[in-house]
Structures are given as structure tokens and as C-alpha cells.
Amino acid sequence: MTQRRQQILDTAAELFAARGFHGVTVHEIGSACGISGPALYKHFRNKDELLAASLTDISETLLKEGTKRAKAAASPEEALAALIDWHVEFAVTHPSVILLQDREWPNLQATARKAVRAAQLEYIDVWVDTVRALRPALDHPTARAAVQATFGLLNSTPHSARISAPAMRRLLADMAQRSLSAP
């Protein structure tokens, strides 16, 4: 991905999260990136594609990096710690993307929704496999429910981060570790 394309995605995510998908124009996104609105069309066909790319790219990034970290770990304990570290870092540094997912899901076109959901489900499965390796007595549905509840905790940071980023990272990591590794 080009630097300019990434800049556009990041800027659009910030603006969409702050003002809503329908509250932002292509011209405003371009202006915030230091280019004209029509110059965005070199990278994206329209605003809908920009929203889709924002959510698809981050879902695929979470999956790719999560898979890489889990596979590189020497044990299930290390894999869980690596997954938690990765997701906490994402949640603390990308709150606008979390808000974007929460608020703008209905504005995402069906094909994009399907792609985003597929990547998200694969990412959840990486976590579920790790949790089940640590806690073999958990059945798949229970492990999935525990992982998704933990995601709810981790992804609450845009709404709850009232402490410093380092303190929030430590708090979230500790809470996630305890919730997923406890018998």
C-alpha cells in the first residue's frame, strides 16, 4: 500500500469517526490530506470504497499480524500474551477505527461487510485456538464467547480511556490475560 493511500485511509477513518460517514465530504478528506478532493479518486472510486477499504484493511491487518504472532510463539501462553499485546496496541493506537466499525457498519456495502466479517471471524479463530490450547476443557462455543467478550473489553478504549496510554495498555493486558487464562 502506498504511503498516500494509507494517509487517506487514516484521515478518513478519523473524520468518519468524529463526524460520521455522511457528515464528511470527499473534499474535506482531500483537504485534510493536503490534496484536492478529486485527487482521492486516483486511489478510491468513491467514499463508499474508502469506508470499505478502511475496515477491510484493518481487519486483514489484525488477522495477518495476529496469525504471525501466534505462530511465532513457543507455547500457548506465549501465543496468548502476543495476541493480547497486539490487540491492546491496536486498540490504544487506533480508537477511530474501532469507533468507525461500531458506528458505520450499517453504511458498509454488503460485499465489503462480507469481506470484513470473514477476516474478523478468522482473527477470532486464531484467538479461540490459542485459548483452547491453554484451556482444553473449554468447548469451541464457550471459548469463542470468552474471546469475543474480551474483544469487547479491549475495544472499549475509545469510550473508556481516561488514563495514560501506558497505564491503559497495562490494565487492558492484565484484564485480558486474567479473563482468558483463568480456569
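# Pockets and helices in a predicted model

In this predicted model, the lining of the second largest pocket is made up of seven nonpolar, four polar and two charged residues. That pocket holds about 190 Å³ of space. It is lined by 13 residues, and Gln6, Asp10, Asp57, Ile58 and His94 are the closest to its centre. Helix H1 (3-19), H3 and H4 are the elements that each give two or more residues to this lining.

The largest pocket holds about 400 Å³ of space. Its lining counts 18 residues, and those nearest the centre are His87, Gln101, Gln120, Phe151 and Asn155. By class, nine of the lining residues are nonpolar, seven are polar and two are charged. Several helices contribute to the wall of this pocket: H3 (47-72), H4 (76-93), H5 (95-104), H6 (110-134) and H7 (140-154) each supply at least two residues. H6 gives the most, with five residues. H3 and H4 thus appear in the lining of the largest pocket and also in that of the second largest.

H7 can be taken next, starting from Phe151, one of the residues nearest the centre of the largest pocket. The helix has 15 residues and reaches 21 Å from its first C-alpha to its last, close to the 21 Å expected at 1.5 Å a residue. Its buried residues are Ala143, Arg144, Val147, Thr150, Phe151 and Leu154. Viewed down the axis of H7, these buried residues fall within an arc of 125 degrees, so they line one face of the helix. The face turned away from the buried side carries the exposed residues Pro141 and Ala149.

Phe151 also gives a link to another part of the chain. Ala91 and Phe151 are 60 residues apart along the chain, and their C-alpha atoms are separated by 9.5 Å. Ala91 lies in helix H4. Is Ala91 buried or exposed? Its relative accessible area is 0%, which is under the 20% limit, so Ala91 counts as buried.

Helix H9 covers residues 165-181 and shows a comparable arrangement of buried and exposed positions, described here in turn. It has 17 residues and reaches 24 Å from its first C-alpha to its last, close to the 24 Å expected at 1.5 Å a residue. The buried residues of H9 are Met168, Leu172, Ala176 and Leu180. Seen down the axis of H9, they fall within an arc of 70 degrees, so these residues line one face of the helix. On the face turned away from the buried side are the exposed residues Arg170 and Arg178.

The remaining points come from the UniProt record, an unreviewed entry, and concern the N-terminal part of the chain. There, residues 2-62 are listed as "domain: HTH tetR-type". Over residues 2-62 the chain is 67% helix and 0% strand, with its end C-alpha atoms 19 Å apart. The same record gives the annotation "DNA-binding region" to residues 25-44. That span is 40% helix and 0% strand, and its end C-alpha atoms lie 14 Å apart.

Note on methods
Residues numbered from 1 in each chain as written. Predicted model: local features only at pLDDT ≥ 70, side-chain atom pairs only at ≥ 80, totals over all residues. Heavy atoms only, no water. UniProt positions renumbered as here; feature names shortened; annotations may be inferred. Helix = DSSP H or I, 4+ residues; strand = E, 2+ residues; numbered from the N terminus. 1 Å grid on protein atoms, 1.4 Å probe; cavity = no way out; pocket = protein on both sides within 12 Å on 5 of 7 lines; lining within 4 Å. Points joined across faces, edges and corners; volume = space filled by probe spheres on them. Nonpolar A, V, L, I, M, F, W, Y, C, P; charged D, E, K, R; others polar. Expected span 1.5 Å × (residues − 1). Buried < 20%, exposed > 50% of the residue type's maximum accessible area, 1.4 Å probe, protein only. Arc of directions from axis to C-beta.
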